[in-house]
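Thank you all for coming. I would like to walk through one model this morning, helix by helix, and I will keep to what can be read from the coordinates.

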Amino acid sequence: GTALPGMTLGEAMRSRLFWLMYAVAFLICVGFFVPMVHLVPYAQDVGLSEAQGVSLVSLLGLGSLLGRFFMGGIADRLGHARSLVAIGAGLGLMFLVWWAATSFWLLAVFAVCFGTLYGGYVALAPTLSMELFGPRSLSAILGSLYTAAGLATLIGPTFAGASFDAYGSYDVSILACAALCFAGAGLTLAMRRHFYSPA
C-alpha cells in the first residue's frame, strides 16, 4: 500500500527534464529507420546486388539483437548518461561511415554496428526513465517519451526519400541524420548531472 517514489505523468510533463529527454529521443531516433528503408536501394545505387542489400538489412536486425542483449550490462558499468552520449555519438559516426561506404564489407560493418547501437538505445531507455522520474508512473512516462521516437522514425525515412528525389543522392539525409545524432549526444552531455551513475 505504500506509494512508490517519483513523479506522476503530469508532474513529469510539467518538468523541463522531461522535454529535454523528449528532445534527445527525437534527435537520436530520426535516423533509426532510415537505413532499414533505404539501405537496399543505396546498396544497388553503388553497384551491389539486391540480395546483398537485403543481407545488409538482416545484419541491422542481428546488430539490434546483440545491442539489446549486451548493451545494458555495458551501460551499467560505464554509467547510463555516458552510455547514452556514446550511443548518440556512435550513431552519428556510423552515419558518416555509411555516407563514405561503397563496398559491401564496409556497409556490413556499418549495419552491424548501427544495429547494435539502435538495440542498445532501446534497452537503455527504460533505465534512463527510471533514474530520472522514478517508478511511480514509469510506464506512462516511458510511453509518452516513446512518442518522440515514433514521430522521429516517421519523419526520418520520409525525409530521406524526399531528399533523394530532390538531389538524386542520399548525401543530404545521411549527413543530416549524423548531425542530429551528434546533437542528441551533445544535449545528453549537457544534462548528465541529472543522471545517477553507479560507482
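Before I begin, a word on naming: when I say helix, I mean a DSSP run of type H or I with at least four residues, and the numbers in the names count from the N terminus. Please also keep in mind that this is a predicted model.

With that in place, let me start at H3, which is followed by Gly47, a residue whose phi is positive, near 100 degrees. As for the length of H3, which covers residues 34-45, its twelve residues should span 16 Å at 1.5 Å a residue, and the end C-alpha atoms are indeed 16 Å apart, so the two values agree. Which residues of H3 are buried? They are Val34, Pro35, His38, Leu39, Val40, Tyr42 and Ala43. Several other helices take part in covering these buried residues, and they include H4 (50-78), H5 (80-100), H6, H7 (138-167) and H8.

One of those neighbours, H6, deserves a closer look in relation to H3. The axes of H3 and H6 are 13 Å apart, and the two helices pack at an angle of about 180 degrees. Since angles over 145 degrees count as roughly antiparallel, H3 and H6 are therefore described as roughly antiparallel to each other. On the H3 side the contact is made by Pro35, Met36, Leu39 and Tyr42, while H6 contributes Leu107, Phe110, Phe114 and Tyr118. As a general point, an α-helix has 3.6 residues a turn, so residues three or four places apart point the same way.

Turning to H6 itself, we have a helix of 30 residues, 104-133, that reaches 43 Å from its first C-alpha to its last, which is close to the 44 Å expected at 1.5 Å a residue. There is nevertheless a kink of about 35 degrees at Leu124, shortly before the proline Pro126. Just after H6 comes Gly134, which takes a positive phi of about 80 degrees.

Also within H6 we find Thr116, and a polar atom of the Thr116 side chain lies 2.8 Å from the backbone oxygen of Val112. If we set aside neighbours within four places in sequence, Thr116 is in contact with Gly63, Ser64, Leu66, Gly67 and Met71.

On H4, I would pick out Val57, which has a relative accessible area of 27% and is therefore classed as partly exposed. Again leaving aside neighbours within four places in sequence, Val57 is in contact with Met36 and Val40. The C-alpha atoms of Val57 and Val112 are separated by 9.2 Å, although these residues are 55 positions apart along the chain.

Now to a residue of H8 (171-190), namely Ser173. Is Ser173 buried or exposed? Its relative accessible area is 0%, and because buried means under 20%, Ser173 is buried. A polar atom of the Ser173 side chain lies 3.0 Å from the backbone oxygen of Tyr170, and, apart from neighbours within four places in sequence, Ser173 is in contact with Phe159, Ala160 and Ser163.

Further along H8 is Gly186, which at 36% relative accessibility counts as partly exposed. Its C-alpha atom and that of Val24 are separated by 9.0 Å, with their positions 162 residues apart along the chain.

Near the start of the chain, I would point to Phe18 in H2, residues 16-29, which counts as buried at 1% relative accessibility. Not counting residues up to four places away in sequence, Phe18 touches Ala12, Met13, Phe133, Ile141, Ser144 and Leu145. For one of these partners, Ile141, the C-alpha atom is separated from that of Phe18 by 8.7 Å, while the two residues are 123 apart along the chain.

Finally, on H5 we have Ala86, which counts as partly exposed at 39% relative accessibility. Ala86 and Ala100 are 14 residues apart in sequence and 21 Å apart in space, taken from C-alpha to C-alpha.

I will stop there and take your questions.

How values were computed
Residues are numbered from 1 along each chain as its sequence is written. This is a predicted model: local features need pLDDT of at least 70, side-chain atom pairs count only at pLDDT 80 or more; totals for chains, interfaces and linings use all residues. Side-chain values use heavy atoms; hydrogens and water are left out. The expected span of a helix is 1.5 Å times one less than its number of residues. The bend at a residue is the angle between axes fitted to the seven residues ending there and the seven starting there. Buried means under 20% relative accessible area, exposed over 50%, partly exposed in between (1.4 Å probe, protein chains only). A polar contact is a pair of N or O atoms within 3.5 Å; within protein, one must be able to donate a hydrogen and the other to accept it, and residues adjacent in sequence count only if both atoms are side-chain atoms. Contact means heavy atoms within 4.5 Å. Axes are lines fitted to C-alpha atoms, for helices over the stretch in contact, and angles run from 0 to 180 degrees between N-to-C directions. Angles under 35 degrees count as roughly parallel, over 145 as roughly antiparallel, 65 to 115 as roughly perpendicular and the rest as oblique.
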